[in-house]
Amino acid sequence: MFRQNLNRYTQSSSLRLLSFNLLNLIMVAVVESNSNESSSSSAHIIKGSITTSSRPNNNYISTTTTTSEPHISCTTFNILAPIYKRLDQKNQSVRESDFRTYWLTRNERILDWLLYERSSIICLQEFWVGNNELVRMYEDTLADAGYLTFKLARTNNRGDGLLTAVHKDYFRVLNHQELLFNDFGDRVALLLHVQAVLPCSENMKGSTEQEMLIVNTHLLFPHNSCLSLIRMQQAHKILQYVESYQKENEGRDLPVILCGDWNGSKRGRVYKFLRSQGFVSSYDTAHHYTDSDTDAHKWVSHRNHRGNICGVDFIWLRNPNKARKPLKISWAEGIFGTIKCHLSEASLGEKDAFAFLKGDNVNDFITLADFCDALRQLNLYGVCNGLSFEEVKDLWSQVDIDGDGVINYQEFKRIWNCNCSKQTEENYEDGEETDSGTEEEKTGFEVKNAYLFPCEAEKGMWPENYSLSDHARLTAVFSPVRMQCTQPVL
């Protein structure tokens, strides 16, 4: 009742901030008086310091102890646009957007949580850019709290989009770029190039103001297996742009944080693709989870419209010292994995898959025409949003090792095993240098902690009484570290 009464009288951003501070003080007082009742703790960010926080039984988050260790924090949250929130399961056309009181109250609660957490970086997905009142509420409230905000609508007037906010106490924004995929899902990404306002650490000799890239995105929901290819293409476009942007900025390899709703789990191709590019999942790193199937379902972050729960929200980190394959090799291996998945779904083993790819060809090899025809039958080529001919030719070049224009059985195993590593080492001949360059000391980031709210999501469960969104809020905490790096080839 307290929050309901409070929301009723907090329409302007200035009044909302005053009421938020009052709410914050009340919650802290309640927690301090009941701190012995909670046994679950993890690091959270309150007013610029890492804190060891208790989660009281009422699910509020508040502080108990603080340290002065330098850090940044990042929160990603798909806030479920009111135009997509269903209010009646029997009548799917009834949406929250038709009821101002409903969407206004819910988004005020979301803002309360964001202000209470005070992360250095906030990345929101399904931000209702089509409603001016909601946009002003977020922009004004976050601005009053010290944030710079950037928003980007999905193409073709979809109604929702992205919002990225960075706190002025932590960062100055050097540049921001809008990435429009112009694809089936009308998806977009928002890139910010930021610089830390203060040096990362006073005891780091020669410390300079650290720069980094922040990317916020929301990939396509895979309504069927064919759409998984589009999600791979979207992830590929993001990394292509990041690579191109760093080349244009003196070739500097900056730390990169990728945030958002990736609409795919740890078992998917996009996850494996990003891992091959040197990215680590902050939540999995903080909780010492591996990439194995055993750890694939330890946590969840989304309950979709079908009632399924899964982990699809990630904060990815890549440091300058992280080894990675050339991007086009990782891309090829990811697509080969998609091809193999389609073949396996058709119950084709290795030998049968080779026979399928060579089609009616009586010879014991696959021609480019055979390859294209097989991909067409798999709905991966020659269809809307499928692979382009240029992409197919590039894949072909990764497999045709001897360049004789056909793929024999041994070369086909590259597709089946989803591995082009040997091609990278022995036959990489696109003119790029293979020497990694000279070593230098740079600043990167170490994952200190990460947590989900509601906390049940950390145990792979979804609470029925959670109503802020159909996604959990994910926050990660990073500390700067000095590391020896070699300038990678971009």
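**Exercise 1. A salt bridge between distant parts**

Task: Find the exposure class of Arg 303 from its relative accessibility, then describe its salt bridge with Glu 464.

Solution. Arg 303 has 25% relative accessibility in this structure, which is a predicted model. Buried would need a value under 20% and exposed a value over 50%, so Arg 303 counts as partly exposed. Next comes its partner. Glu 464 has a relative accessible area of 65% and is therefore exposed. The closest N and O atoms of the two side chains are 3.0 Å apart, and the cut-off for a salt bridge is 4 Å. Arg 303 and Glu 464 thus form a salt bridge. Last, the positions: Arg 303 belongs to strand 13 (residues 302-303), whereas Glu 464 is in the loop between strand 18 and strand 19 (473-486), so the bridge ties together parts that are 161 residues apart in sequence.

**Exercise 2. A bridge between two loops**

Task: State how many salt bridges the structure has, and work out what the pair Arg 158 and Asp 186 ties together.

Solution. The count comes to 16 salt bridges. One of them joins Arg 158 to Asp 186, with 2.8 Å between the closest N and O atoms. Arg 158 is in the loop between strand 6 (147-153) and strand 7 (161-167), and Asp 186 is in the loop between strand 8 (171-180) and strand 9 (188-196), so parts 28 residues apart in sequence are tied together. The exposure of the partners is read off in turn. Arg 158, with a relative accessible area of 35%, is partly exposed. Asp 186 has 6% relative accessibility and counts as buried.

**Exercise 3. A bridge within one helix**

Task: Place the salt bridge of Asp 373 and Arg 376 in its helix.

Solution. The closest N and O atoms of Asp 373 and Arg 376 are 3.7 Å apart. Both residues are in helix 10 (residues 368-377). They are three residues apart there, so about one helical turn separates them. Asp 373 is partly exposed at 37% relative accessibility, and Arg 376 is partly exposed with a relative accessible area of 39%.

**Exercise 4. Aromatic pairs**

Task: Classify the ring pairs Tyr 170 with Phe 171 and Tyr 409 with Phe 412.

Solution. A pair of aromatic rings is described by the distance of the centres and the angle of the planes. The whole structure holds 19 aromatic pairs. For Tyr 170 and Phe 171 the ring centres are 6.5 Å apart and the planes meet at 40°, so this pair is tilted. For Tyr 409 and Phe 412 the centres are 5.7 Å apart with the planes at 45°, so this pair is tilted. Tyr 170 and Phe 171 are both buried. Tyr 409 and Phe 412 lie three residues apart in helix 12 (residues 409-417), about one turn of the helix. Tyr 409 is partly exposed, with a relative accessible area of 21%. Ring pairs also link Tyr 271, Tyr 283, Tyr 289, Trp 299, Phe 314 and Trp 316 into a cluster.

**Exercise 5. Around Phe 412**

Task: Find the exposure of Phe 412 and list what Phe 412 touches.

Solution. Phe 412 is in helix 12. Its relative accessible area is 0%, so Phe 412 is buried. Leaving out residues up to four places away in sequence, Phe 412 touches Glu 350, Ala 353, Phe 354, Leu 357, Ile 366, Val 399 and Ile 407. For Leu 357, the separation from Phe 412 is 55 residues in sequence and 9.3 Å in space, C-alpha to C-alpha.

**Exercise 6. Three separate sites**

Task: Describe the patch that includes Leu 87, the ring of Trp 416 and the position of Glu 440.

Solution. Leu 87, Phe 99 and Tyr 102 make up a nonpolar surface patch with about 280 Å² of accessible area together. Leu 87 is in the loop between strand 4 (72-78) and helix 3 (100-117), and at 34% relative accessibility Leu 87 counts as partly exposed. Over the ring of Trp 416 sits the charged end of Lys 340, 4.8 Å from the ring centre. Glu 440 belongs to strand 18 (residues 439-453) and is partly exposed at 35% relative accessibility. Glu 440 and Cys 485 are 45 residues apart in sequence, with 5.3 Å from C-alpha to C-alpha.

Terms used. Residues numbered from 1 in each chain as written. Predicted model: local features only at pLDDT ≥ 70, side-chain atom pairs only at ≥ 80, totals over all residues. Heavy atoms only, no water. Helix = DSSP H or I, 4+ residues; strand = E, 2+ residues; numbered from the N terminus. Buried < 20%, exposed > 50% of the residue type's maximum accessible area, 1.4 Å probe, protein only. Phe/Tyr/Trp six-rings, centres within 6.5 Å; stacked < 30°, edge-to-face > 60°. Lys NZ or Arg CZ within 6 Å of the ring centre and 35° of its normal. Patch = residues over 30% accessible without salt bridge, like charges linked within 9 Å, V, L, I, M, F, W, Y side chains within 5 Å. Areas by Shrake-Rupley, 256 points an atom, 1.4 Å probe, with all protein chains shown as cover. Contact = heavy atoms within 4.5 Å.
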